Amino acid sequence: MKKLDFTFLTNKLFLSGLITGIVISAFAFTLIMMPKYTAQEKEKIKGTMAGATYVPAVGEIGTIQSVGNQCNDDYSDVIFNNDPNHTVIRCHSAPATSGMQVAVILVNGGEFCSGGGIIVSVIPVGN
């Protein structure tokens, strides 16, 4: 029976080809997988209580928990129906009262006092 010969493992051409193949494979794998993962900061809204948590979409419905005035503008603290963690999110709104249903009409980036954040509108009773 013939004995196995592993001298090719010390061959410079074999080693350079192996290393080049590993590098090219890693690069190709990275390019293929990159579109599947979005940047972490992409969905954050700056200047609201949402922070790194839930961000509602336009048209989403929620319930006002409390109201107030900040930066000479009315706000409502809202819990949205689709939020699994029931996060209270500060939103721009017209004057309203606790318990009213609201819907998201606009989502702006930026600081809350500069007009950024989530803008909601009260849903009329009967809709």
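These are my notebook entries on what I looked up in this structure, which is a predicted model.

**Entry 1: the chain as a whole**

I began with the elements and found one helix and five strands in the chain. Reading along the sequence, I noted the pattern α-β-β-β-β-β, and so far I had only the order in which the elements come, not how they are arranged in space.

I then looked up the overall figures for the chain. Of its 127 residues, 24% count as buried, and its accessible surface comes to about 8900 Å², with 63% of that belonging to carbon and sulfur atoms. Taking the contacts between residues at least 6 apart in sequence, I found that 44% join residues at least 24 apart.

**Entry 2: how the strands are arranged**

In what order do the five strands close into a barrel? I read the order as E1-E2-E3-E5-E4, and the pairing is mixed. On average, neighbouring strands of this sheet are turned by 50° against each other, with direction ignored.

I noted for myself that strands of a sheet pair through backbone hydrogen bonds, either parallel or antiparallel, and then went through some of the pairs. E1 and E2 pair in the antiparallel sense over eight bridges, and within this pair Val67 has Ser76 in E2 as its bridge partner. E1 is also joined to E4, again antiparallel, by three bridges, and here I found Gln101 in E4 as the bridge partner of Thr63. E3 and E5, by contrast, pair in the parallel sense over two bridges, with His92 bridged to Ile119 in E5.

**Entry 3: the turn at Cys71 and the disulfide**

I looked next at the place where E1 passes into E2, since the two strands form a hairpin with two residues between them. Cys71 lies in this loop, between strand E1 (61-70) and strand E2 (73-80), and its phi is near 55°, which is a positive value in a residue other than glycine.

A search of the whole structure finds one disulfide, and I found that it joins Cys71 to Cys113, with an S to S distance of 1.6 Å. The pair links distant parts of the chain, for Cys113 sits in the loop between strand E4 (101-108) and strand E5 (117-122), 42 residues apart from Cys71.

Are the two cysteines of this pair buried or exposed? Neither word fits, because partly exposed covers the range between 20% and 50%, and Cys71 has a relative accessible area of 39%, while Cys113 has one of 47%.

**Entry 4: a second positive phi**

I found another residue with a positive phi that is not a glycine, namely His86, at about 55°. His86 is in the loop between E2 and strand E3 (88-92). With a relative accessible area of 52%, His86 counts as exposed, because the cut-off for that word is over 50%.

**Entry 5: the nonpolar core**

Which residues make up the largest nonpolar core? I listed eleven: Tyr54, Ile64, Val78, Phe80, Ile89, Cys91, Ala96, Val102, Val104, Ile118 and Val120. E2, E3, E4 and E5 each supply at least two residues of this core. As background I wrote down that, in soluble globular proteins, nonpolar side chains tend to be buried together.

I checked two members of the core in turn. Cys91 is buried, with a relative accessible area of 0%. Ala96, leaving aside its neighbours within four places in sequence, is in contact with Ile64, Val67, Ser76 and Val122, and I noted that Val67 and Ser76 are also the bridge partners from E1 and E2 in my second entry.

**Entry 6: Ile119 in strand E5**

I ended with Ile119, whose place is in strand E5. It is partly exposed, with a relative accessible area of 21%, and I was careful with that word because buried means under 20%.

What does Ile119 touch, not counting residues up to four places away in sequence? I found His92, Ala103, Val104, Ile105, Leu106 and Asn108, and His92 is the residue that has Ile119 as its bridge partner in E5. I also looked up the spacing of Ile119 and Ser93, which are 26 residues apart along the chain, and their C-alpha atoms are separated by 6.0 Å.

Terms used: Residues numbered from 1 in each chain as written. Predicted model: local features only at pLDDT ≥ 70, side-chain atom pairs only at ≥ 80, totals over all residues. Heavy atoms only, no water. Helix = DSSP H or I, 4+ residues; strand = E, 2+ residues; numbered from the N terminus. Buried < 20%, exposed > 50% of the residue type's maximum accessible area, 1.4 Å probe, protein only. Contact = heavy atoms within 4.5 Å. Areas by Shrake-Rupley, 256 points an atom, 1.4 Å probe, with all protein chains shown as cover. Disulfide = S-S within 2.5 Å. Pairing = 2+ DSSP bridges. Axes fitted to C-alpha atoms, helices over the stretch in contact; angles between N-to-C directions. Core = buried A, V, L, I, M, F, W, Y, C linked by side-chain atoms within 4.5 Å.
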